[in-house]
Amino acid sequence: MVLLIFIISGRFFIYGIINIISDFDTIAMYTKYFNLSSVVIPICYLYFKNLDSKKNYSRTDWLHLIFPIFYFFITLKIYDFISPSYSIRLLLYLIFLAFLITYIYLCFNVLKNNIWNKKKQNKKIHNWTLFLFSALLLAALRLSVSLLLEVSHNGIMRGLSYQWVASLIWIFILIKILISPEILYGYTLLNEKIQENRNSKLVFNEIWKTQPITEIKNSQHLVLKEKINPNLQNYFEEIEKISFQHDFFRDQNATVSDLAIKLSIPKSHLSYLFKYHATISFSEYKKAIRIQDAIQLIDNGYLKNNTLDSLSKKIGFTSYNPFFTSFKEITGNAPIEYVNSIHSPI
């Protein structure tokens with residue numbers, strides 16, 4: 001898309017220069033390269049072909065550019081050395097028209113099979129491709145008529161007739177791109193921004209990662225990836241909701257299996273999440289939740305009528321010693337130091 005817009009913009013820029021200057025030699029030099037912009041025709045096809053594909057572009061894709069470049073040099077040399085007759089100009093026009101129609105058909109076919117006929121296809125991608133294909137179809141019609149008029153009037157085929165029509169079409173395409181962030185930035189980047197915004201609402205947003213923290217090689221885990229990844233954010237939110245709203249981890253014997261049952265998801269899903277999408281293990285997460293619970297209880301005055309030992313058992317620790325170690329590890333202070341700090345005059 002970037003390449004396509006760059007080439008089209010260059011063509012309009014050159015056309016603008018032609019309309020400003022009056023030097024015939026300069027005009028001849030600029031218009032000589034107009035036909036090279038026909039490479040946008042296969043580029044449009046490559047854009048549609050790879051739009052819904054998870055694969056990267058291959059080198060063979062760029063073989064589609066051979067014909068328009070070859071056609072450009074052939075026509076350039078013909079007009080350089082001879083003044084072609086009407087029959088030759090008509091033949092060149094028909095060859096180009098066949099090339100144009102072929103790629104219109106290829107674009108339509110790839111869109112119909114890969115995007116328009118897919119029931120689960122993203123609606124915005126469907127609407128965008130329909131809009132772009134319709135606009136390109138109008139641009140192709142304008143170009144065909146323009147070239148035919150130039151051939152009929154014994155002119156050089158540049159496609160300059162009714163250029164204002166092409167300008168309007170591309171202005172509408174540009175406006176559509178600018179007002180559609182998913183087109184301008186791409187769904188991957190846009191979804192990352194959305195996920196970042198949602199992550200900011202999580203208490204432990206720093207530990208949850210939408211991208212795997214280690215490479216997934218296990219075949220079973222790759223299968224799980226396809227099932228879990230579309231709903232990663234929902235998993236994160238549900239885990240935290242259970243953790244904080246239902247005091248789940250106050251149970252000393254709480255395990256991954258117990259949490260999976262509470263969430264109504266398979267244990268394998270939960271294990272996958274903590275293995276690839278959390279920066280800490282389940283046991284460390286459980287410990288962090290309990291310390292968070294302890295801090296909330298302290299802040300709410302739990303120790304006015306209870307001891308630290310009682311607090312440690314209430315939040316799920318078996319005794320005070322592991323609670324003391326975990327509290328200092330996570331907060332940087334011993335429990336009593338934290339209690340004194342919140343009750344100090346400062």
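Here is a friendly walk through the cavities, the nonpolar patch and the salt bridges of this predicted model.

1. Let us begin with the empty space inside. The structure holds 2 cavities of 30 Å³ or more. The largest cavity contains about 520 Å³ of space, and the second largest contains about 40 Å³.

2. To find the largest cavity in the viewer, start from Val-40, Ile-41, Leu-100, Ala-139 and Leu-143, which lie nearest its centre among the 31 residues of its lining. Several helices take part: α1 (2-20), α3 (40-51), α5 (86-116), α6 (123-152) and α7 (163-178) each supply at least two lining residues. The greatest contribution is that of α6, with 8 residues.

3. What kind of residues line the largest cavity? The lining divides into 23 nonpolar, 5 polar and 3 charged residues.

4. The second largest cavity is lined by Met-1, Leu-4, Cys-44, Tyr-47, Phe-48, Leu-132, Leu-136 and Trp-170. Here α3 and α6 each give at least two residues, and the largest share, 3 residues, comes from α3. This lining has 8 nonpolar residues, with no polar and no charged ones. It is worth recalling that α3 and α6 are also among the helices that supply the lining of the largest cavity.

5. Now to the outside. A nonpolar surface patch of about 1100 Å² is formed by Leu-141, Val-145, Tyr-162, Trp-164, Leu-168, Ile-171, Phe-172, Leu-174, Ile-175, Leu-178 and Ile-179. Both α6 and α7 supply at least two of the patch residues, with the largest share, 7 residues, coming from α7. Helix α7 is also one of the helices that supply at least two residues to the lining of the largest cavity.

6. One member of the patch deserves its own look. Ile-179 sits in the loop between α7 and α8 (181-184). Is Ile-179 buried or exposed? Its relative accessible area is 61%, so Ile-179 counts as exposed.

7. Turning to charged pairs, the structure holds 4 salt bridges. One of them joins the side chains of Asp-61 and Lys-49, at 3.2 Å from N to O. This pair links distant parts of the chain, 12 residues apart: Asp-61 is in the loop between α3 and α4 (66-81), while Lys-49 is in helix α3. The partners differ in their surroundings: Asp-61 is buried, because its relative accessibility is 5%, whereas Lys-49 is partly exposed at 29% relative accessible area.

8. Another salt bridge joins Asp-293 and Arg-250, whose closest N and O atoms are 2.7 Å apart. This pair too links distant parts of the chain, with Asp-293 in helix α14 (residues 282-299) and Arg-250 in the loop between α11 (232-245) and α12 (256-263), 43 residues apart. Asp-293 has a relative accessible area of 12%, so this residue is buried. Arg-250, at 23% relative accessibility, counts as partly exposed.

9. A further salt bridge can be seen where the side chains of Lys-313 and Asp-309 meet, at 3.6 Å from N to O. Where do Lys-313 and Asp-309 lie? Both are in helix α15 (residues 308-314), 4 residues apart, which is about one turn of the helix. Lys-313 is partly exposed, with 43% relative accessible area, and Asp-309 counts as partly exposed at 33% relative accessibility.

Terms used:
Residues are numbered from 1 along each chain as its sequence is written. This is a predicted model: local features need pLDDT of at least 70, side-chain atom pairs count only at pLDDT 80 or more; totals for chains, interfaces and linings use all residues. Side-chain values use heavy atoms; hydrogens and water are left out. On a 1 Å grid over the protein atoms alone, a cavity is a set of points where a 1.4 Å probe fits but cannot get out, and a pocket is an open set with protein on both sides within 12 Å along at least five of seven lines; lining residues have an atom within 4 Å of a point. Grid points are joined across faces, edges and corners, and a volume is the space filled by probe spheres set on the points. Ala, Val, Leu, Ile, Met, Phe, Trp, Tyr, Cys and Pro count as nonpolar, Asp, Glu, Lys and Arg as charged, and the others, Gly among them, as polar. Patches are made of residues with over 30% relative accessible area and no salt bridge: like charges are joined within 9 Å, nonpolar side chains (Val, Leu, Ile, Met, Phe, Trp, Tyr) within 5 Å. Accessible areas come from the Shrake-Rupley method with a 1.4 Å probe; for residues, only the protein chains shown count as cover. Buried means under 20% relative accessible area, exposed over 50%, partly exposed in between (1.4 Å probe, protein chains only).
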